[in-house]
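User: Could you take a close look at the salt bridges in this model for me? I would like to know which side chains pair up and where they sit.

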Amino acid sequence: MKSVIFIAPPAAGKGTQSSRLEDLGYIHISTGDMLREEISSGSKLGMEIKEIIDKGNLVSDELVYELIKNKLDNITKPFILDGYPRTLTQAESLDNLLQELNLNNYEVIYLDLPFEEALKRALGRLTCSCGASYNIYYKNLAPKKEGICDKCGEELTKRCDDNEESFKVRFETFINNTKPIKEYYENKNKLHIIDALASNEEITDKIKEILK
Ligand code: AMP
């Protein structure tokens, strides 16, 4: 199986698609999740990261590179990169790392979503510590009991950066940084664009087709 690099604006469904692929035996590597874990640990670094993330800005290329390198060293299964690379510098560092580790069997999937839809998804998103994700603005995605996870019964939480102000910064940063990354992978013949307005099932089917 080929590995996957997801490139997508915030709230386009990278996390959802990653969990669906995990069922096929992929290792899900999310820089956002790793950074949120560091915040939860209460460390000094975590507090610095929180300040950056809450404003919708990006943490340093060096820090996320260390996180990714630790995960990819000694990896034995195909992987999903969710949230990395987010800048051209990150894409170039990643390319060197993947070559060094002989992990070049991958495809890049770009989930395309307009701003208004992404904003609606972000503002309605609720997540659970067990990994489940819900959306109060979509009937079929809302939890059965308000604020409670259907799967494990825990209380659902809203991400601190899923507010309108941070979201606008995150989306704008994404659009500005992504153009060169798309070109970079297009030149390598690795880029596949999928319309993220399609259903989760349709998107997963398209991804599977690409990874065959
Ligand atoms: P995500 O969960 O992927 O939406 O990431 C949440 C936040 O973590 C982002 O808005 C950034 O502040 C930070 N972050 C995640 N991945 C990266 C990355 N590759 N480079 C820099 N910052 C990142």
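Analyst: Happy to help; here is a walk through the salt bridges, with a little context on the chain around them.

Please keep in mind that this is a predicted model. The chain has eight helices and seven strands, and its C-alpha atoms fill a box of roughly 45 × 40 × 30 Å along the principal axes. For 212 residues, a compact globule would have a radius of gyration near 17 Å, and the chain agrees with its 17 Å. Of these residues, 42% count as buried. Among contacts with a separation of 6 or more, 70% are between residues 24 or more positions apart.

Now to the charges. The chain carries 29 positive and 36 negative ones, and the mean positions of the two sets are 3 Å apart. Side chains of opposite charge can pair when their charged atoms come close. Searching the whole structure gives 17 salt bridges.

Let's begin with a pair that spans much of the sequence. Glutamate 201 and arginine 20 meet through their side chains, at 4.0 Å from N to O. Glutamate 201 belongs to helix α8 (residues 200–211) and arginine 20 to helix α1 (residues 14–22), so this salt bridge ties together parts that are 181 residues apart in sequence. Both partners are partly exposed: glutamate 201 has a relative accessible area of 46%, while the value for arginine 20 is 30%.

A second pair sits within one helix. The side chains of glutamate 164 and lysine 168 form a salt bridge at 3.6 Å, N to O. These two residues are four apart in helix α7, so about one helical turn separates them. Glutamate 164 is partly exposed at 39% relative accessible area, and lysine 168 is partly exposed too, at 42%.

Beyond single pairs, there is also a network: Arg125, Arg159, Asp161, Asp162 and Arg170 are joined by salt bridges that share partners. One of the pairs to look at here is arginine 159 with aspartate 161, whose side chains meet at 3.1 Å, N to O. Aspartate 161 counts as buried, because its relative accessibility is 6%, and the cut-off for buried is under 20%.

Helix α7 (164–187) has another part to play, since it appears among the elements covering the buried residues of α6, along with β5 (125–127) and β6 (133–135). In α6 (residues 115–124), those buried residues are Glu117, Ala118, Leu119, Arg121, Ala122 and Gly124.

How values were computed:
Residues numbered from 1 in each chain as written. Predicted model: local features only at pLDDT ≥ 70, side-chain atom pairs only at ≥ 80, totals over all residues. Heavy atoms only, no water. Rg over C-alpha atoms; globule rule 2.2 N^0.38 Å. Buried < 20%, exposed > 50% of the residue type's maximum accessible area, 1.4 Å probe, protein only. Contact = heavy atoms within 4.5 Å. Lys, Arg positive; Asp, Glu negative; His and termini not counted. Charge placed at Lys NZ, Arg CZ, Asp CG, Glu CD.
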